[in-house]
Amino acid sequence: MNPNLIVILKGLIVGSSMLVPGLSGSSMAIILGIYDKLILAVSSFMKHKRESFIFLSLFSLGALMGIFLFSNSIVTLLDKYPQPMYYLFIGAAIGGLPLIFKQSKIEKLSPKVLFYILVGLGIIYFFSLSVNNIRDIALEPGFLTSLILIVAGVIVAIALVLPGISISYMLLLIGLYDETIKAITEFYFPFLIPLGIGFIAGIILTAKALEKLITKRPQPTYLIISGFILGSVIEIFPGLPIFGNLFICIITFSLGLITTLLMSLK
């Protein structure tokens with residue numbers, strides 16, 4: 001398959017995953033084996049302008065396609081079949097963990113390994129408590145609204161760059177999930193443009209720091225990332241399925257698990 005088409009398809013999968021509360025787009029990028037290249041393309045853009053621009057453009061094209069094509073269907077499926085869908089996402093997240101542990105090059109389980117994983121879990125918990133809720137602010141066109149949306153975009157970008165923190169879950173925490181989905185489906189640009197400006201600024205500000213951590217301290221960085229992913233699984237856990245949903249939840253969980261394991265092996 002054409003390498004450029006593969007980048008677009010991976011972008012489409014990551015973009016569609018961003019719409020799901022609790023499912024991290026950056027975790028999906030790790031599972032698909034494209035995360036490190038994304039971080040390097042953003043943080044080292046000026047050193048490799050042409051290659052980075054082409055790569056980021058193709059990925060962004062796929063991500064935007066995923067967001068606009070699947071926004072309605074994913075929300076509909078979550079509304080109608082919440083438990084099976086969340087078990088699908090949990091299976092997908094767990095299926096990606098072996099790849100992350102492989103990248104961290106763990107030779108044996110030790111207190112240090114458990115410590116870094118717990119750090120990641122703690123950061124996810126802190127995020128869930130510390131983000132202020134702004135859903136009561138009237139989102140009418142105006143300077144104050146645009147400023148609020150730019151700040152929200154920066155917060156959401158942090159959730160994109162840090163694996164395990166879901167963009168949609170972060171939008172839920174700050175009270176903008178429903179408004180964002182509505183703005184996407186209605187192409188309401190007075191909302192989307194300032195949010196996008198903050199989003200891009202947040203990615204640029206965060207990516208360089210994360211690149212240094214991955215390059216210089218890969219083991220603790222990837223172990224903390226695994227804690228992020230485990231934390232996101234805990235956040236979206238919908239409870240044990242009732243008898244009527246048990247079989248379908250087992251199927252969806254297995255489907256998510258096997259799919260991401262196969263992608264990781266690939």
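1. Let's start with the buried side of H5 in this predicted model. The buried residues of this helix are Gln83, Pro84, Met85, Tyr86, Tyr87, Phe89, Ile90, Gly91, Ala92, Ala93 and Gly95. That makes 11 of 14 residues, so H5 is mostly covered, with buried taken as under 20% relative accessible area.

2. On geometry, H5 gives little to query: from first C-alpha to last, its 14 residues reach 20 Å, close to the 20 Å expected at 1.5 Å a residue.

3. Do have a look at the aromatic rings. The structure holds three aromatic pairs. One of them joins Tyr87 and Phe237 in an edge-to-face arrangement, with the ring centres 6.2 Å apart and 70° between the planes. This pair links distant parts of the chain, as its members are 150 residues apart: Tyr87 belongs to helix H5 (residues 82-95), while Phe237 sits in the loop between H12 and helix H13 (243-265).

4. Are the two partners buried or exposed? Tyr87 counts as buried because its relative accessibility is 11%, below the 20% cut-off. Phe237, at a relative accessible area of 42%, is partly exposed.

5. Just before that loop in your viewing, you may like to inspect H11 (residues 189-216) and H12 (residues 218-236), whose axes come within 5 Å and cross at roughly 120°. H11 contributes Leu210, Leu213, Ile214, Thr215 and Lys216 to the contact, and H12 contributes Pro218, Thr221 and Tyr222. Sorted by class, the contact has five nonpolar residues, two polar and one charged.

Definitions and conventions. Residues are numbered from 1 along each chain as its sequence is written. This is a predicted model: local features need pLDDT of at least 70, side-chain atom pairs count only at pLDDT 80 or more; totals for chains, interfaces and linings use all residues. Side-chain values use heavy atoms; hydrogens and water are left out. Axes are lines fitted to C-alpha atoms, for helices over the stretch in contact, and angles run from 0 to 180 degrees between N-to-C directions. Helices (H or I, at least four residues) and strands (E, at least two) are DSSP runs, numbered from the N terminus. Contact means heavy atoms within 4.5 Å. Ala, Val, Leu, Ile, Met, Phe, Trp, Tyr, Cys and Pro count as nonpolar, Asp, Glu, Lys and Arg as charged, and the others, Gly among them, as polar. Rings of Phe, Tyr and Trp (its six-membered ring) pair if their centres lie within 6.5 Å; planes under 30 degrees apart count as stacked, over 60 as edge-to-face and the rest as tilted. Buried means under 20% relative accessible area, exposed over 50%, partly exposed in between (1.4 Å probe, protein chains only). The expected span of a helix is 1.5 Å times one less than its number of residues.
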